[in-house]
Amino acid sequence: MDLFRDAPFGQIVRYLSGSKFFSYPDERAEFDYLSCYDGTYKFGQDNCCDHEKHKELALDNEAGEAEHTPSARAHSSSEDDVDREKAKELAVDNGPAEFGAAKPPAADGSSETSDVERGASLGLQRTQTLPYTNERLEVERSLEIERARSRRILPSTTADGMILTDWYRTDDPENPQNWSQKKKAFVAFQIDVYTFVVYCGSAIYVSSELGVMARFGVGDFKASLGLALYVLGYGFGPLLWSPMSELPAFGRNVSYVATFAIYIILCVPTALVNNLGGLLVLRFLLGFFGSPCLATGGASMQDMYSLLYLPYSVALWVSAAFAAPAVGPLLSGFSVVAKNWRWSTWELLWMSAPVFILWFFCLPETSASNILLRRAARLRSRLEVKNIRSQSEIDREGLTAGAIFLDAIIKPCEIMIKDPAVLFTNVYTALTYGIYYSFFEAFPLVYGPLYGFNLGETGI
(Lines give C-alpha, C1' and ligand atoms only; values in the text may rest on other atoms or scores of the structure.)
Protein backbone atom coordinates (compact mmCIF):
# COMPACT_ATOMS: atom_id res chain seq x y z
CA MET A 1 0.00 0.00 0.00
CA ASP A 2 2.83 2.42 0.81
CA LEU A 3 4.30 1.79 -2.64
CA PHE A 4 1.09 2.88 -4.40
CA ARG A 5 0.58 5.81 -2.00
CA ASP A 6 4.00 7.33 -2.71
CA ALA A 7 3.79 6.72 -6.48
CA PRO A 8 2.35 9.40 -8.82
CA PHE A 9 -1.00 7.58 -8.91
CA GLY A 10 -1.34 7.66 -5.13
CA GLN A 11 -0.31 11.32 -4.88
CA ILE A 12 -2.89 12.30 -7.52
CA VAL A 13 -5.61 10.36 -5.68
CA ARG A 14 -4.62 12.05 -2.40
CA TYR A 15 -4.81 15.48 -4.03
CA LEU A 16 -8.20 14.87 -5.67
CA SER A 17 -9.71 13.28 -2.54
CA GLY A 18 -8.33 15.81 -0.07
CA SER A 19 -6.06 13.15 1.49
CA LYS A 20 -9.01 10.87 2.32
CA PHE A 21 -7.40 7.96 0.52
CA PHE A 22 -3.83 6.68 0.82
CA SER A 23 -3.33 8.55 4.08
CA TYR A 24 0.03 8.71 5.89
CA PRO A 25 0.41 7.40 9.46
CA ASP A 26 0.76 10.94 10.87
CA GLU A 27 -2.65 11.81 9.41
CA ARG A 28 -4.42 9.08 11.38
CA ALA A 29 -6.02 9.51 14.79
CA GLU A 30 -4.06 6.70 16.45
CA PHE A 31 -0.68 8.19 15.56
CA ASP A 32 1.24 8.91 18.83
CA TYR A 33 4.36 10.79 17.73
CA LEU A 34 2.78 14.22 17.34
CA SER A 35 3.58 15.42 20.87
CA CYS A 36 7.15 16.13 19.75
CA TYR A 37 5.83 18.63 17.19
CA ASP A 38 3.01 20.37 19.08
CA GLY A 39 5.07 23.51 19.69
CA THR A 40 5.54 22.95 23.43
CA TYR A 41 8.60 20.70 23.32
CA LYS A 42 11.69 21.99 25.16
CA PHE A 43 15.20 20.57 25.25
CA GLY A 44 15.52 17.98 27.97
CA GLN A 45 11.74 17.76 28.42
CA ASP A 46 10.40 14.21 28.58
CA ASN A 47 7.15 14.85 26.72
CA CYS A 48 7.40 12.59 23.71
CA CYS A 49 9.68 9.69 24.61
CA ASP A 50 8.92 7.27 27.41
CA HIS A 51 11.29 6.75 30.33
CA GLU A 52 12.28 3.27 29.23
CA LYS A 53 13.47 4.56 25.87
CA HIS A 54 15.57 7.21 27.60
CA LYS A 55 17.03 4.56 29.85
CA GLU A 56 17.86 2.38 26.86
CA LEU A 57 19.56 5.28 25.08
CA ALA A 58 21.55 6.10 28.16
CA LEU A 59 22.78 2.52 28.49
CA ASP A 60 23.72 2.40 24.81
CA ASN A 61 25.94 5.44 25.29
CA GLU A 62 27.32 4.63 28.75
CA ALA A 63 30.89 4.62 27.48
CA GLY A 64 30.45 8.09 26.02
CA GLU A 65 29.02 9.44 29.24
CA ALA A 66 31.94 8.18 31.32
CA GLU A 67 33.96 11.30 30.44
CA HIS A 68 31.98 14.53 30.84
CA THR A 69 33.75 16.42 28.10
CA PRO A 70 32.49 17.93 24.84
CA SER A 71 34.63 15.50 22.82
CA ALA A 72 33.06 12.54 24.63
CA ARG A 73 29.57 13.76 23.80
CA ALA A 74 30.56 14.28 20.16
CA HIS A 75 31.94 10.76 20.20
CA SER A 76 28.70 9.27 21.56
CA SER A 77 26.63 10.96 18.85
CA SER A 78 28.69 9.61 15.95
CA GLU A 79 30.22 6.13 16.39
CA ASP A 80 32.17 4.04 18.88
CA ASP A 81 34.82 2.85 16.45
CA VAL A 82 36.12 6.30 15.44
CA ASP A 83 38.56 7.91 17.86
CA ARG A 84 37.65 11.10 19.72
CA GLU A 85 39.60 13.41 17.48
CA LYS A 86 37.87 12.15 14.35
CA ALA A 87 34.52 12.25 16.10
CA LYS A 88 35.11 15.91 16.95
CA GLU A 89 35.85 16.62 13.31
CA LEU A 90 32.66 14.84 12.26
CA ALA A 91 30.70 16.77 14.86
CA VAL A 92 31.99 20.03 13.42
CA ASP A 93 31.03 18.93 9.92
CA ASN A 94 27.61 17.57 10.83
CA GLY A 95 26.61 19.26 14.05
CA PRO A 96 23.92 21.84 14.73
CA ALA A 97 25.98 24.68 13.25
CA GLU A 98 25.53 23.16 9.82
CA PHE A 99 21.78 23.23 10.33
CA GLY A 100 21.83 26.99 10.52
CA ALA A 101 21.14 27.72 14.17
CA ALA A 102 20.13 24.57 16.01
CA LYS A 103 20.71 24.75 19.75
CA PRO A 104 23.66 22.75 21.10
CA PRO A 105 23.19 20.14 23.81
CA ALA A 106 23.25 21.31 27.40
CA ALA A 107 26.74 21.41 28.86
CA ASP A 108 25.67 20.04 32.23
CA GLY A 109 24.33 16.84 30.73
CA SER A 110 20.80 17.45 32.03
CA SER A 111 19.33 16.46 28.68
CA GLU A 112 21.90 13.84 27.82
CA THR A 113 19.42 11.20 26.70
CA SER A 114 17.53 13.67 24.52
CA ASP A 115 20.81 14.76 22.97
CA VAL A 116 21.61 11.18 22.10
CA GLU A 117 18.37 10.83 20.18
CA ARG A 118 18.91 14.19 18.53
CA GLY A 119 22.45 13.20 17.58
CA ALA A 120 21.16 10.04 15.98
CA SER A 121 18.74 12.15 14.01
CA LEU A 122 21.41 14.48 12.69
CA GLY A 123 23.60 11.56 11.74
CA LEU A 124 20.83 9.79 9.88
CA GLN A 125 20.07 12.93 7.92
CA ARG A 126 23.42 14.53 7.29
CA THR A 127 26.01 11.82 6.67
CA GLN A 128 25.48 12.08 2.92
CA THR A 129 27.24 15.46 3.05
CA LEU A 130 30.50 13.83 4.16
CA PRO A 131 33.20 13.03 1.58
CA TYR A 132 33.73 9.43 0.54
CA THR A 133 36.47 8.55 3.03
CA ASN A 134 37.20 5.70 5.44
CA GLU A 135 35.56 7.76 8.19
CA ARG A 136 32.44 8.07 6.04
CA LEU A 137 32.39 4.30 5.57
CA GLU A 138 32.63 3.79 9.32
CA VAL A 139 29.74 6.20 9.86
CA GLU A 140 27.68 4.29 7.30
CA ARG A 141 28.37 1.04 9.13
CA SER A 142 27.33 2.64 12.39
CA LEU A 143 24.12 3.92 10.86
CA GLU A 144 23.26 0.50 9.47
CA ILE A 145 23.32 -0.78 13.05
CA GLU A 146 21.46 2.30 14.29
CA ARG A 147 18.62 1.82 11.81
CA ALA A 148 18.15 -1.75 12.99
CA ARG A 149 17.18 -0.40 16.46
CA SER A 150 13.70 1.02 16.66
CA ARG A 151 14.17 4.22 18.68
CA ARG A 152 12.35 7.49 18.62
CA ILE A 153 14.09 10.57 17.25
CA LEU A 154 13.49 13.91 18.91
CA PRO A 155 13.15 16.95 16.64
CA SER A 156 15.76 19.70 16.78
CA THR A 157 14.81 23.31 17.46
CA THR A 158 16.49 26.36 15.98
CA ALA A 159 17.40 29.49 17.93
CA ASP A 160 14.31 31.29 16.63
CA GLY A 161 11.98 28.53 17.79
CA MET A 162 11.52 26.58 14.55
CA ILE A 163 10.97 22.83 15.00
CA LEU A 164 12.84 20.82 12.38
CA THR A 165 10.93 17.92 10.87
CA ASP A 166 12.79 14.64 11.05
CA TRP A 167 12.23 10.91 10.84
CA TYR A 168 10.02 9.68 13.68
CA ARG A 169 12.17 6.65 14.49
CA THR A 170 15.57 5.33 13.50
CA ASP A 171 13.75 2.64 11.48
CA ASP A 172 11.14 5.03 10.03
CA PRO A 173 9.62 3.17 7.03
CA GLU A 174 9.28 6.41 5.05
CA ASN A 175 13.06 6.81 5.02
CA PRO A 176 14.24 5.21 1.73
CA GLN A 177 17.35 3.97 3.53
CA ASN A 178 15.06 1.86 5.74
CA TRP A 179 13.05 0.23 2.97
CA SER A 180 13.18 -3.54 2.72
CA GLN A 181 15.68 -5.03 0.31
CA LYS A 182 12.83 -6.24 -1.91
CA LYS A 183 11.34 -2.76 -2.17
CA LYS A 184 14.72 -1.20 -2.87
CA ALA A 185 15.45 -3.81 -5.53
CA PHE A 186 12.06 -3.25 -7.18
CA VAL A 187 12.49 0.53 -7.32
CA ALA A 188 16.06 0.14 -8.58
CA PHE A 189 14.80 -2.31 -11.22
CA GLN A 190 12.30 0.28 -12.51
CA ILE A 191 15.04 2.89 -12.83
CA ASP A 192 17.36 0.39 -14.54
CA VAL A 193 14.70 -0.56 -17.10
CA TYR A 194 13.92 3.11 -17.73
CA THR A 195 17.62 3.80 -18.28
CA PHE A 196 17.87 0.84 -20.63
CA VAL A 197 14.93 2.04 -22.75
CA VAL A 198 16.16 5.63 -23.08
CA TYR A 199 19.73 4.63 -23.94
CA CYS A 200 18.45 2.01 -26.34
CA GLY A 201 16.53 4.76 -28.12
CA SER A 202 19.77 6.28 -29.34
CA ALA A 203 21.27 3.41 -31.34
CA ILE A 204 17.94 1.79 -32.26
CA TYR A 205 17.72 4.49 -34.94
CA VAL A 206 20.90 3.33 -36.71
CA SER A 207 19.07 0.56 -38.59
CA SER A 208 16.71 3.15 -40.07
CA GLU A 209 19.38 5.35 -41.62
CA LEU A 210 19.26 3.68 -45.04
CA GLY A 211 15.49 4.06 -45.08
CA VAL A 212 15.78 7.73 -44.10
CA MET A 213 18.28 8.30 -46.91
CA ALA A 214 15.93 6.72 -49.46
CA ARG A 215 12.76 8.43 -48.13
CA PHE A 216 14.14 11.98 -47.94
CA GLY A 217 16.83 11.78 -50.62
CA VAL A 218 19.76 12.72 -48.40
CA GLY A 219 23.26 11.35 -47.83
CA ASP A 220 24.55 9.29 -44.97
CA PHE A 221 25.88 12.39 -43.16
CA LYS A 222 22.45 14.01 -42.75
CA ALA A 223 20.80 10.68 -42.01
CA SER A 224 23.25 10.04 -39.17
CA LEU A 225 22.22 13.30 -37.49
CA GLY A 226 19.25 11.43 -36.04
CA LEU A 227 21.66 9.51 -33.79
CA ALA A 228 23.94 12.49 -33.06
CA LEU A 229 21.12 14.85 -32.08
CA TYR A 230 19.52 12.27 -29.78
CA VAL A 231 22.82 11.85 -27.92
CA LEU A 232 23.28 15.63 -27.87
CA GLY A 233 19.78 16.01 -26.41
CA TYR A 234 20.37 13.69 -23.49
CA GLY A 235 23.72 15.36 -22.95
CA PHE A 236 22.09 18.78 -22.49
CA GLY A 237 19.03 17.53 -20.63
CA PRO A 238 20.71 16.70 -17.29
CA LEU A 239 21.94 20.29 -17.05
CA LEU A 240 18.30 21.16 -16.39
CA TRP A 241 16.57 18.06 -15.04
CA SER A 242 19.22 16.87 -12.58
CA PRO A 243 19.52 20.18 -10.67
CA MET A 244 15.72 20.32 -10.63
CA SER A 245 15.57 16.88 -9.00
CA GLU A 246 17.78 18.18 -6.17
CA LEU A 247 15.22 20.86 -5.27
CA PRO A 248 13.08 19.52 -2.41
CA ALA A 249 9.95 21.08 -3.88
CA PHE A 250 10.27 18.84 -6.96
CA GLY A 251 12.09 15.72 -5.81
CA ARG A 252 13.00 12.89 -8.15
CA ASN A 253 9.56 11.88 -9.39
CA VAL A 254 8.58 15.19 -10.97
CA SER A 255 11.59 15.21 -13.29
CA TYR A 256 11.24 11.47 -13.92
CA VAL A 257 7.54 11.13 -14.63
CA ALA A 258 6.80 14.45 -16.32
CA THR A 259 9.70 14.21 -18.77
CA PHE A 260 9.12 10.52 -19.52
CA ALA A 261 5.45 11.22 -20.29
CA ILE A 262 6.54 13.85 -22.85
CA TYR A 263 9.12 11.38 -24.18
CA ILE A 264 6.42 8.79 -24.89
CA ILE A 265 4.14 11.36 -26.53
CA LEU A 266 6.97 12.53 -28.80
CA CYS A 267 7.57 8.96 -30.01
CA VAL A 268 4.30 9.12 -31.97
CA PRO A 269 5.07 12.16 -34.18
CA THR A 270 8.65 10.95 -34.58
CA ALA A 271 7.34 7.73 -36.12
CA LEU A 272 4.90 9.61 -38.38
CA VAL A 273 6.93 12.66 -39.45
CA ASN A 274 7.26 13.25 -43.20
CA ASN A 275 10.18 15.69 -43.43
CA LEU A 276 13.81 15.41 -42.41
CA GLY A 277 13.93 18.64 -40.41
CA GLY A 278 11.02 17.55 -38.25
CA LEU A 279 12.57 14.14 -37.72
CA LEU A 280 15.86 15.62 -36.53
CA VAL A 281 14.18 18.11 -34.17
CA LEU A 282 12.02 15.39 -32.68
CA ARG A 283 15.02 13.11 -32.21
CA PHE A 284 16.77 15.87 -30.28
CA LEU A 285 13.69 16.42 -28.11
CA LEU A 286 13.42 12.69 -27.45
CA GLY A 287 16.95 12.67 -26.10
CA PHE A 288 16.38 15.86 -24.10
CA PHE A 289 13.24 14.64 -22.33
CA GLY A 290 14.62 11.15 -21.79
CA SER A 291 17.80 12.42 -20.18
CA PRO A 292 16.97 12.43 -16.42
CA CYS A 293 18.14 8.83 -16.24
CA LEU A 294 21.64 9.91 -17.27
CA ALA A 295 22.48 11.53 -13.91
CA THR A 296 19.45 11.34 -11.63
CA GLY A 297 19.39 7.55 -11.77
CA GLY A 298 22.59 7.38 -9.74
CA ALA A 299 21.19 9.90 -7.25
CA SER A 300 18.11 7.71 -6.75
CA MET A 301 20.38 4.76 -5.96
CA GLN A 302 22.20 6.85 -3.35
CA ASP A 303 18.86 7.85 -1.83
CA MET A 304 18.09 4.20 -1.10
CA TYR A 305 21.41 2.48 -0.51
CA SER A 306 24.11 3.27 2.00
CA LEU A 307 27.75 3.43 0.98
CA LEU A 308 28.09 -0.24 1.91
CA TYR A 309 25.75 -1.38 -0.87
CA LEU A 310 25.70 1.59 -3.24
CA PRO A 311 28.45 0.24 -5.58
CA TYR A 312 26.37 -2.84 -6.41
CA SER A 313 23.22 -0.93 -7.33
CA VAL A 314 25.15 1.69 -9.31
CA ALA A 315 27.05 -1.06 -11.18
CA LEU A 316 23.75 -2.60 -12.36
CA TRP A 317 22.40 0.81 -13.36
CA VAL A 318 25.56 1.65 -15.34
CA SER A 319 25.45 -1.78 -17.00
CA ALA A 320 21.93 -1.04 -18.23
CA ALA A 321 23.09 2.32 -19.58
CA PHE A 322 26.08 0.95 -21.51
CA ALA A 323 24.50 -2.29 -22.71
CA ALA A 324 21.37 -0.64 -24.13
CA PRO A 325 22.98 1.16 -27.12
CA ALA A 326 24.64 -2.10 -28.16
CA VAL A 327 21.27 -3.89 -28.06
CA GLY A 328 19.43 -1.15 -29.98
CA PRO A 329 20.49 -2.11 -33.54
CA LEU A 330 19.72 -5.74 -32.74
CA LEU A 331 16.13 -4.89 -31.76
CA SER A 332 15.39 -2.83 -34.87
CA GLY A 333 17.60 -4.46 -37.51
CA PHE A 334 15.25 -7.23 -38.61
CA SER A 335 11.98 -5.28 -38.23
CA VAL A 336 13.23 -2.36 -40.33
CA VAL A 337 14.12 -4.75 -43.15
CA ALA A 338 10.77 -6.53 -42.90
CA LYS A 339 8.62 -3.38 -42.57
CA ASN A 340 10.09 0.12 -42.96
CA TRP A 341 12.40 2.65 -41.29
CA ARG A 342 9.64 3.95 -38.98
CA TRP A 343 9.48 0.69 -37.05
CA SER A 344 12.54 1.50 -34.96
CA THR A 345 10.61 4.38 -33.34
CA TRP A 346 7.45 2.30 -32.93
CA GLU A 347 9.52 -0.27 -31.06
CA LEU A 348 10.85 2.49 -28.83
CA LEU A 349 7.27 3.50 -28.03
CA TRP A 350 6.31 -0.12 -27.26
CA MET A 351 9.21 -0.43 -24.85
CA SER A 352 8.75 2.88 -23.05
CA ALA A 353 4.96 2.92 -22.57
CA PRO A 354 4.82 -0.16 -20.26
CA VAL A 355 7.66 1.28 -18.18
CA PHE A 356 5.72 4.51 -17.71
CA ILE A 357 2.59 2.62 -16.65
CA LEU A 358 4.64 0.68 -14.11
CA TRP A 359 6.14 3.95 -12.87
CA PHE A 360 2.79 5.64 -12.57
CA PHE A 361 1.56 3.07 -10.09
CA CYS A 362 4.74 1.81 -8.43
CA LEU A 363 7.54 4.41 -8.37
CA PRO A 364 7.80 6.06 -4.93
CA GLU A 365 9.68 9.27 -4.19
CA THR A 366 13.22 8.60 -2.97
CA SER A 367 14.46 12.11 -2.13
CA ALA A 368 14.65 12.44 1.67
CA SER A 369 14.44 16.25 1.44
CA ASN A 370 11.20 16.06 -0.53
CA ILE A 371 9.71 13.47 1.84
CA LEU A 372 10.51 15.58 4.91
CA LEU A 373 9.24 18.73 3.18
CA ARG A 374 5.85 17.12 2.59
CA ARG A 375 5.87 15.71 6.14
CA ALA A 376 6.38 19.20 7.53
CA ALA A 377 3.41 20.46 5.51
CA ARG A 378 1.21 17.64 6.87
CA LEU A 379 2.26 18.33 10.46
CA ARG A 380 1.58 22.06 10.11
CA SER A 381 -1.85 21.31 8.68
CA ARG A 382 -2.86 18.79 11.34
CA LEU A 383 -1.39 20.48 14.41
CA GLU A 384 -2.01 24.05 13.20
CA VAL A 385 1.52 24.91 14.33
CA LYS A 386 3.22 27.32 11.97
CA ASN A 387 6.78 26.96 13.28
CA ILE A 388 7.27 23.41 12.00
CA ARG A 389 9.74 23.47 9.13
CA SER A 390 11.90 21.07 7.19
CA GLN A 391 15.61 21.78 6.93
CA SER A 392 15.27 22.59 3.23
CA GLU A 393 12.69 25.30 3.98
CA ILE A 394 15.01 26.97 6.48
CA ASP A 395 17.96 26.75 4.08
CA ARG A 396 15.97 28.53 1.37
CA GLU A 397 14.08 30.98 3.54
CA GLY A 398 14.03 34.45 2.03
CA LEU A 399 15.01 33.24 -1.43
CA THR A 400 12.68 33.56 -4.39
CA ALA A 401 11.78 30.53 -6.48
CA GLY A 402 13.70 32.00 -9.40
CA ALA A 403 16.84 32.51 -7.33
CA ILE A 404 16.70 28.94 -5.99
CA PHE A 405 16.20 27.49 -9.45
CA LEU A 406 18.94 29.63 -11.00
CA ASP A 407 21.41 28.63 -8.29
CA ALA A 408 20.60 24.95 -8.86
CA ILE A 409 21.24 25.34 -12.59
CA ILE A 410 24.45 27.38 -12.32
CA LYS A 411 26.12 25.51 -9.45
CA PRO A 412 27.05 22.35 -11.45
CA CYS A 413 28.59 24.46 -14.23
CA GLU A 414 30.47 26.52 -11.65
CA ILE A 415 31.90 23.37 -10.06
CA MET A 416 33.03 22.08 -13.43
CA ILE A 417 34.77 25.35 -14.34
CA LYS A 418 36.47 25.87 -10.97
CA ASP A 419 37.55 22.26 -10.36
CA PRO A 420 40.08 21.03 -12.96
CA ALA A 421 39.59 17.41 -11.89
CA VAL A 422 35.87 17.58 -12.63
CA LEU A 423 36.52 19.36 -15.93
CA PHE A 424 39.07 16.75 -17.00
CA THR A 425 36.70 13.91 -16.07
CA ASN A 426 33.93 15.49 -18.15
CA VAL A 427 36.18 15.96 -21.17
CA TYR A 428 37.54 12.41 -20.90
CA THR A 429 34.04 10.97 -20.55
CA ALA A 430 32.87 12.94 -23.59
CA LEU A 431 35.80 11.57 -25.63
CA THR A 432 35.16 7.93 -24.71
CA TYR A 433 31.42 8.40 -25.24
CA GLY A 434 32.02 9.82 -28.71
CA ILE A 435 34.28 6.89 -29.62
CA TYR A 436 31.68 4.44 -28.33
CA TYR A 437 28.90 5.89 -30.50
CA SER A 438 31.15 6.13 -33.55
CA PHE A 439 31.11 2.32 -33.64
CA PHE A 440 27.43 2.36 -34.56
CA GLU A 441 28.22 4.42 -37.66
CA ALA A 442 31.35 2.45 -38.54
CA PHE A 443 29.94 -1.09 -38.35
CA PRO A 444 27.41 -0.67 -41.23
CA LEU A 445 30.22 0.68 -43.42
CA VAL A 446 32.26 -2.48 -42.91
CA TYR A 447 30.04 -5.50 -42.27
CA GLY A 448 27.47 -4.70 -44.96
CA PRO A 449 29.59 -3.88 -48.03
CA LEU A 450 32.58 -6.08 -47.19
CA TYR A 451 30.97 -9.13 -45.56
CA GLY A 452 27.46 -9.02 -47.00
CA PHE A 453 25.67 -8.70 -43.66
CA ASN A 454 22.10 -7.40 -43.63
CA LEU A 455 20.93 -4.86 -41.04
CA GLY A 456 19.82 -7.49 -38.53
CA GLU A 457 23.08 -9.41 -38.79
CA THR A 458 25.08 -6.19 -38.45
CA GLY A 459 23.14 -5.40 -35.28
CA ILE A 460 24.15 -8.76 -33.84
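## S202 and its surroundings

S202 is placed in helix α9, which covers residues 181-203. This is a predicted model, and in it S202 is buried, since its relative accessible area is 0%. Leaving out residues up to four places away in sequence, S202 touches L227, Y230, V231, Y234, R283, P325 and Y437.

One of these partners, L227, belongs to helix α12, made of residues 225-236. L227 also counts as buried, because its relative accessibility is 4%, under the 20% limit for that class. Its C-alpha atom lies 6.6 Å from that of A203, although 24 residues separate L227 and A203 along the chain. Apart from neighbours within four places in sequence, L227 is in contact with S202, A203, Y205, V206, E209, R283, Y437, F440 and E441. R283 and Y437 are thus listed for S202 and also for L227.

## The chain as a whole

The chain contains 23 helices and 2 strands. It has 460 residues, and 48% of them are buried.

Of the contacts between residues at least 6 apart in sequence, 74% join residues at least 24 apart. The pair R252 and T296 illustrates such a separation: these residues are 44 apart in sequence, and their C-alpha atoms are 7.5 Å apart in space.

## R252 in helix α14

R252 sits in helix α14, which takes in residues 251-272. Is R252 buried or exposed? With a relative accessibility of 5%, R252 counts as buried, because the class covers values under 20%.

The contacts of R252, not counting residues up to four places away in sequence, are with S245, E246, T296, A299, S300, D303, E365, T366 and S367.

## Helix α21 and its packing on α22

Helix α21 is formed by the 18 residues 401-418. At 1.5 Å a residue, α21 should span 26 Å, and the separation of its end C-alpha atoms, 26 Å, agrees with that. There is nevertheless a kink of about 30° in α21, placed at I410, shortly before the proline P412.

Helix α22, residues 420-447, packs against α21 at an angle of about 100°, and the two axes are 5 Å apart. The angle makes α21 roughly perpendicular to α22, because angles from 65 to 115 degrees fall in that class. Which residues of α21 and α22 meet? From α21 they are I415, M416 and K418, and from α22 they are P420, V422, L423 and N426. By class, this contact between α21 and α22 has 5 nonpolar residues, 1 polar and 1 charged.

Helix α22 also covers the numbers of some residues named earlier, among them Y437, a contact of S202.

## Two residues with positive phi

Most residues other than glycine have a negative phi. F22 departs from this, with a positive phi near 55°. F22 is found in the loop between α2 (8-17) and α3 (51-60).

E384, which is not a glycine, likewise has a positive phi, about 55°. Where is E384 found? It is in the loop between α19 (368-383) and β2 (388-389). E384 counts as exposed because its relative accessibility is 69%, and the exposed class covers values over 50%.

Methods:
Residues are numbered from 1 along each chain as its sequence is written. This is a predicted model: local features need pLDDT of at least 70, side-chain atom pairs count only at pLDDT 80 or more; totals for chains, interfaces and linings use all residues. Side-chain values use heavy atoms; hydrogens and water are left out. Helices (H or I, at least four residues) and strands (E, at least two) are DSSP runs, numbered from the N terminus. Buried means under 20% relative accessible area, exposed over 50%, partly exposed in between (1.4 Å probe, protein chains only). The expected span of a helix is 1.5 Å times one less than its number of residues. The bend at a residue is the angle between axes fitted to the seven residues ending there and the seven starting there. Axes are lines fitted to C-alpha atoms, for helices over the stretch in contact, and angles run from 0 to 180 degrees between N-to-C directions. Angles under 35 degrees count as roughly parallel, over 145 as roughly antiparallel, 65 to 115 as roughly perpendicular and the rest as oblique. Contact means heavy atoms within 4.5 Å. Ala, Val, Leu, Ile, Met, Phe, Trp, Tyr, Cys and Pro count as nonpolar, Asp, Glu, Lys and Arg as charged, and the others, Gly among them, as polar.
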